[in-house]
Amino acid sequence: MTDYKTIAESNNFIVLDKYTKEWQVAEGYQSESDLERELVEDLVNQGYEFVPALTNTKAMLANVRIQLQKLNKVEFSEEEWLRFVETYLDKPSENIVDKTRKLHDDYVHDFIFDDGHIENIYLLDKKQIARNKVQVIKQFEQAGSHANRYDVTILVNGLPLVQVELKKRGVAIREAFNQIHRYSKESFNADNSLFKYLQLFVISNGTDTRYFANTTQRNKNSYDFTMNWAKSDNNLIKDLKDFTATFFQKNTLLNVLLNYSVFDVSNTSLVMRPYQIAATERILWKIKSSFQSKTWSKPESGGFFVFITCCL
């Protein structure tokens, strides 16, 4: 029997086959503020930029301008930026469904500058995801029907795409889940709130950490639709430190946001579970490696395609 070997193989999957813990559980009491501080420190150590002064809407919008100018290699005048915000980035009539559609389908905007020339302005770079700037902020203050202060927010090109809510170790994680939904009702979706762009929520009490998609579907607003991250053997990664080292690794998070999240025909945001991502990654790898080994037209390069239903 002929032995076939691929020319190039890669196992650089975001769902890991193996994960080795390189830390120890903190001894004694660990408060919510301790968890928050440690999370931010870990994210910074993983290459995130911490922006401590970014705590209000005005500062957030100014930061979005800086990041989009860098991403697109353009400079907006004050008048151009105001027009870009009012006609595209933060149109007053848009809701969270409109913002989600913008990230998934309409993330390139043909903007006419004051001198008459037109340029494509990208909110995200989905081809070279490493070009997207990832930042972390904490204690952002925003008012809607009530004033709220959020724990930790992850920004991509200045836009808040992931919100993390924490509870101290020993407190039921459902309290963080309930807090997320209270914020959704009270302030996330207020007028002129860039938090309408949120795609993912992460909740943790230190010992259990879960993620879920931002959606308006009531039947999805259930704790049952939260999920743990896991290794490829479906061994759960629950502790916040482990979750940060794996799920919040920059390449992994950007892939989850840009490649493994879905906005379906019913205007519902869905994010894949780890085993679904793992299966998809291996299907894509099989296709690529078979092509690279020039056996793509032969039986030995074949595989099974499995239809994967995304879950919240």
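Student: What pLDDT does the protein average?
Tutor: Keep in mind that this is a predicted model. At least 70 is the score reached by 85% of the residues. Over the whole protein, the average pLDDT is 88.

Student: Where does pLDDT stay under 50?
Tutor: Look at the start of the chain, where the model still has 11 contacts beyond four places in sequence. Where pLDDT is low, the predicted coordinates shouldn't be read in detail. The stretch in question is residues 1-10.

Student: What is the strand order in the open sheet of six strands?
Tutor: Pairing in this sheet is mixed. Its edge strands are β1 (49-50) and β8, each pairing on one side only. Reading across, the order is β1-β4-β5-β6-β7-β8.

Student: Is β7 mostly covered or exposed, and how many of its residues are buried?
Tutor: Take the two faces of β7 in turn: Leu-200, Val-202 and Ser-204 are buried on one side, and Phe-201 and Ile-203 are buried on the other. Buried here means under 20% relative accessible area. So strand β7 (residues 200-204) is mostly covered, and the buried count is five of five.

Student: Which residue stands opposite Val-202 of β7?
Tutor: Go to strand β6 (residues 159-166), which pairs with β7 in the parallel sense over five bridges. β6 and β7 also belong to a right-handed β-α-β unit, with helix α5 (residues 174-188) as its helix. The residue opposite Val-202 is Val-164.

Student: And which residue of β8 stands opposite Phe-201?
Tutor: That's the antiparallel partner: five bridges join β7 to strand β8 (residues 209-213). Opposite Phe-201 you'll find Phe-212.

Student: Which residue in the turn of the β7 and β8 hairpin has a positive phi?
Tutor: Four residues lie between the two strands of this hairpin. The phi in question is about 90°. It belongs to Gly-206.

Student: At what angle does helix α2 run to β4?
Tutor: Start with helix α1 (residues 32-45), which lies across β1, β4 (134-143), β5 (147-156) and β6 and runs at about 20° to β5. Helix α2 (residues 57-72) lies across β4, β5 and β6. Its angle to β4 is about 150°.

Technical notes: Residues are numbered from 1 along each chain as its sequence is written. This is a predicted model: local features need pLDDT of at least 70, side-chain atom pairs count only at pLDDT 80 or more; totals for chains, interfaces and linings use all residues. Side-chain values use heavy atoms; hydrogens and water are left out. pLDDT is the predictor's confidence in each residue, from 0 to 100. Contact means heavy atoms within 4.5 Å. Buried means under 20% relative accessible area, exposed over 50%, partly exposed in between (1.4 Å probe, protein chains only). Two strands pair if DSSP finds at least two bridges between them. A crossover is right-handed if, with the strands pointing away from the viewer, the path from the first strand over the helix to the second runs clockwise. Axes are lines fitted to C-alpha atoms, for helices over the stretch in contact, and angles run from 0 to 180 degrees between N-to-C directions.
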